[in-house]
Amino acid sequence: MRLATLTLDSNDKRLHVAFPYDPVMVEEVKSIDYRARFNGQRDPKSWSFPAEPYIVERLSDLFALDSDSLPAAVRELLPRKVSVRRLPDLRLLDGYSFLTPPYEHQRGGLAELIEHDAWLLAWDMGTGKTKVVCDRLRHGYADGSIRSALIVCPKSVMPTWQTQLRQHAGYESWVLDGTRAQRLSVLNKAAENKLCIINYDAVHRLVDQLALYRWDCIVTDEAQFIKNATAQRSKAVRKIASKIKYRYALSGTPAPNSPLDWFGVLLFLDPTGKLAG
């Protein structure tokens with residue numbers, strides 16, 4: 001931490017920063033704002049600036065000044081920190097009995113899925129996103145809002161989903177795998193209270209058949225697979241999802257290459273269709 005003091009002068013209404021002479025730091029201070037002035041007649045000698053919030057932040061960062069250590073008048077200039085993310089309402093979980101105990105962040109994730117018809121769980125790998133969805137489906141089956149769900153995921157994790165649904169929700173599911181004829185046969189057998197799992201590569205091959213069924217919920221696991229909004233599988237997933245109320249996306253890397261990767265995922269999640277307009 002550098003030995004510097006930052007004060008607000010009540011007479012000239014300017015910020016004053018005083019520090020031991022260092023030619024490098026002098027140049028850094030001068031570069032903060034063109035209105036910087038050196039005050040050699042003051043004791044201690046100081047550089048002064050207009051009393052503006054961004055200047056307080058820049059000087060605090062430059063000299064590693066903790067906001068709590070600043071004079072009250074200087075702290076008042078700092079912008080108010082307001083959280084843009086509202087905490088989940090855990091009261092939504094009242095009356096729900098977990099089949100397997102959750103971590104606290106999973107309780108919050110479940111509350112978010114219950115509260116929002118379309119939601120992205122952009123959590124890191126290993127944080128238990130799959131369990132949260134299993135609990136959401138179980139919660140939906142309990143209150144009658146969800147009677148059928150389609151889970152779209154990479155082929156490699158299809159068995160994992162089947163196991164997790166059994167473990168965390170107590171449900172058996174239908175895996176749409178094999179040849180086209182085999183997938184259609186399984187789909188037809190799963191007509192009542194269906195809970196089906198299909199991989200991304202198979203979606204566009206069965207898109208018309210899947211779109212005929214009434215799905216209450218669709219989940220895209222590893223949602224970065226639909227980041228390219230013009231790809232066949234992305235279009236197929238959106239066609240199926242167009243009439244589905246609950247849309248949930250899971251991904252630890254929703255935009256792996258650039259901000260544009262968000263577009264395909266947002267088109268899937270958007271319940272109004274305004275993004276596509």
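Let's start with an open sheet: it has 4 strands in the order β1-β2-β4-β3, and the pairing is antiparallel. Bear in mind that this is a predicted model. At the edges of the sheet sit β1 (5-8) and β3 (37-39), each of which pairs on one side only. On average, neighbouring strands here are turned by 30° against each other, direction ignored.

Looking at one pair in detail, β1 and β2 (residues 14-18) run antiparallel and are joined by 4 bridges. Within this pairing, Thr5 stands opposite Ala18 in β2. As background, strands of a sheet pair through backbone hydrogen bonds, either parallel or antiparallel.

Now for the nonpolar cores. In soluble globular proteins, nonpolar side chains tend to be buried together. The largest nonpolar core in this model has 29 residues, and the members touching the most others are Leu137, Trp161, Leu165, Cys217 and Val219. Several helices and strands give two or more residues to this core, including those in the table.

| Element | Residues |
|---|---|
| α4 | 104-115 |
| α5 | 129-143 |
| β6 | 149-153 |
| α6 | 158-169 |
| β8 | 195-199 |
| β9 | 217-221 |
| β10 | 246-250 |

The largest share, 5 residues, comes from α5.

What is Leu165 in contact with, leaving aside its neighbours within four places in sequence? Its partners are Cys134, Leu137, Ile151, Gly170, Tyr171, Ser173, Leu195 and Ile197.

Apart from the largest core lies another one, of 28 residues. Among its members are Ile198, Ala223, Ala241 and Ile244.

Note on methods
Residues are numbered from 1 along each chain as its sequence is written. This is a predicted model: local features need pLDDT of at least 70, side-chain atom pairs count only at pLDDT 80 or more; totals for chains, interfaces and linings use all residues. Side-chain values use heavy atoms; hydrogens and water are left out. A nonpolar core is a set of buried Ala, Val, Leu, Ile, Met, Phe, Trp, Tyr and Cys residues joined through side-chain atoms within 4.5 Å. Buried means under 20% relative accessible area, exposed over 50%, partly exposed in between (1.4 Å probe, protein chains only). Contact means heavy atoms within 4.5 Å. Two strands pair if DSSP finds at least two bridges between them. Axes are lines fitted to C-alpha atoms, for helices over the stretch in contact, and angles run from 0 to 180 degrees between N-to-C directions.
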